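Please read the following alongside the sequence and the model. The text goes through charged pairs, backbone angles and enclosed space in turn.

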Amino acid sequence: MHASTNSPHRVATARPSVGSSTASALEFLAFKLGQEEYGIDIQKVQELRGYDTVTRIANAPEHIKGVVNLRGIIVPIIDMRIKFNLGTPTYDQFTVVIILNIGSRVMGMVVDSVSDVITLKPAQIKPAPEMGSVLDTGYLIGLGTLDERMLILVDIDKLMSSSEMGLIERLKA
């Protein structure tokens with residue numbers, strides 16, 4: 001699935017009911033940053049949009065591209081390629097903004113492309129490797145494996161939390 005227009009794409013967030021045989025399976029939206037494929041909990045995704053120009057905020061960190069007005073809501077936009085130090089981002093017809101609902105906040109994250117929704121059973125999720133103090137991996141859920149694919153599973157709440165969320169709150173004010 002690639003977003004090539006600025007019309008929003010609703011993402012189905014139907015989840016199995018507790019007690020059903022698939023209740024332990026988790027659904028992740030798969031997206032690419034550079035050569036790597038990542039996954040985030042589909043329940044955090046509100047919609048997908050094509051990349052559009054943003055209003056830059058003075059003195060904001062480089063990874064915060066700015067804000068957009070999304071149906072009357074001011075939404076901060078974070079470029080994940082810059083946040084993860086994956087080189088200079090390029091914006092083309094495949095670039096997607098994933099609009100997220102995290103807690104009571106709405107924010108957008110720019111990714112290179114979105115591929116699909118992947119269902120993983122707990123046995124398909126391996127723990128994230130320990131990197132010691134070299135790399136903060138506290139925001140990783142683990143590594144998801146599906147056939148030949150490996151997804152870096154990100155806990156988007158932890159990644160966007162604490163000091164960064166405080167910064168986003170100041171930008172919205």
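Arg149 is partly exposed in this predicted model, its relative accessible area being 26%. Its side chain forms a salt bridge with that of Glu37, with N and O 2.5 Å apart. Arg149 belongs to strand 12 (residues 149–154) and Glu37 to strand 3 (residues 36–41), so the salt bridge ties together parts that lie 112 residues apart in sequence. Is Glu37 buried or exposed? Glu37 has a relative accessibility of 13% and counts as buried, because the cut-off for buried is under 20%.

A second salt bridge joins the side chains of Glu47 and Arg71, at 2.4 Å from N to O. This pair also links distant parts of the chain, 24 residues apart: Glu47 sits in strand 4 (residues 45–50), while Arg71 sits in the loop between strand 5 (64–70) and strand 6 (73–79). Glu47 is buried, with a relative accessibility of 0%.

In a third salt bridge, Asp112 pairs with Arg81, and their closest N and O atoms are 2.5 Å apart. Here the two parts of the chain are 31 residues apart: Asp112 is in the loop between strand 8 (105–111) and strand 9 (113–120), and Arg81 is in helix 1 (residues 80–83). Both residues are buried: Asp112 has a relative accessible area of 18%, and Arg81 has a relative accessibility of 14%.

How many salt bridges does the model hold? The count is six. Shared partners connect some of the residues further, as Glu37, Asp116 and Arg149 are joined by salt bridges into one network. In general, side chains of opposite charge can pair when their charged atoms come close.

Glu47 has another partner besides Arg71. Its side chain makes a polar contact of 3.2 Å with the side chain of Arg49, and Arg49 is located in strand 4. Arg49 also comes together with a residue from elsewhere in the sequence: the C-alpha atoms of Arg49 and Ile98 are 6.5 Å apart in space, although the two residues are 49 apart in sequence.

The next topic is the backbone. Arg71, the salt-bridge partner of Glu47, is not a glycine, yet its phi is positive, at about 50°. Arg71 is found in the loop between strand 5 and strand 6. Asp147 is not a glycine either and has a positive phi of about 55°. Where does Asp147 lie? Asp147 is in the loop between strand 11 (140–146) and strand 12, and strand 12 is the strand that holds Arg149. With a relative accessibility of 76%, Asp147 counts as exposed.

The last topic is enclosed space. Rolling a probe the size of a water molecule over the atoms shows where empty space is left. In this model there is one cavity of 30 Å³ or more, and the largest cavity contains about 30 Å³ of space. Which residues line the largest cavity? The lining consists of Leu33, Asp79, Arg81, Pro89, Thr90, Tyr91, Thr95, Val110, Val111 and Asp112. By type, five of the lining residues are nonpolar, two are polar and three are charged. Arg81 and Asp112 are thus members of the lining as well as partners in a salt bridge.

Definitions and conventions. Residues are numbered from 1 along each chain as its sequence is written. This is a predicted model: local features need pLDDT of at least 70, side-chain atom pairs count only at pLDDT 80 or more; totals for chains, interfaces and linings use all residues. Side-chain values use heavy atoms; hydrogens and water are left out. A salt bridge is a side-chain nitrogen of Lys or Arg within 4 Å of a carboxyl oxygen of Asp or Glu. Helices (H or I, at least four residues) and strands (E, at least two) are DSSP runs, numbered from the N terminus. Buried means under 20% relative accessible area, exposed over 50%, partly exposed in between (1.4 Å probe, protein chains only). On a 1 Å grid over the protein atoms alone, a cavity is a set of points where a 1.4 Å probe fits but cannot get out, and a pocket is an open set with protein on both sides within 12 Å along at least five of seven lines; lining residues have an atom within 4 Å of a point. Grid points are joined across faces, edges and corners, and a volume is the space filled by probe spheres set on the points. Ala, Val, Leu, Ile, Met, Phe, Trp, Tyr, Cys and Pro count as nonpolar, Asp, Glu, Lys and Arg as charged, and the others, Gly among them, as polar. A polar contact is a pair of N or O atoms within 3.5 Å; within protein, one must be able to donate a hydrogen and the other to accept it, and residues adjacent in sequence count only if both atoms are side-chain atoms.
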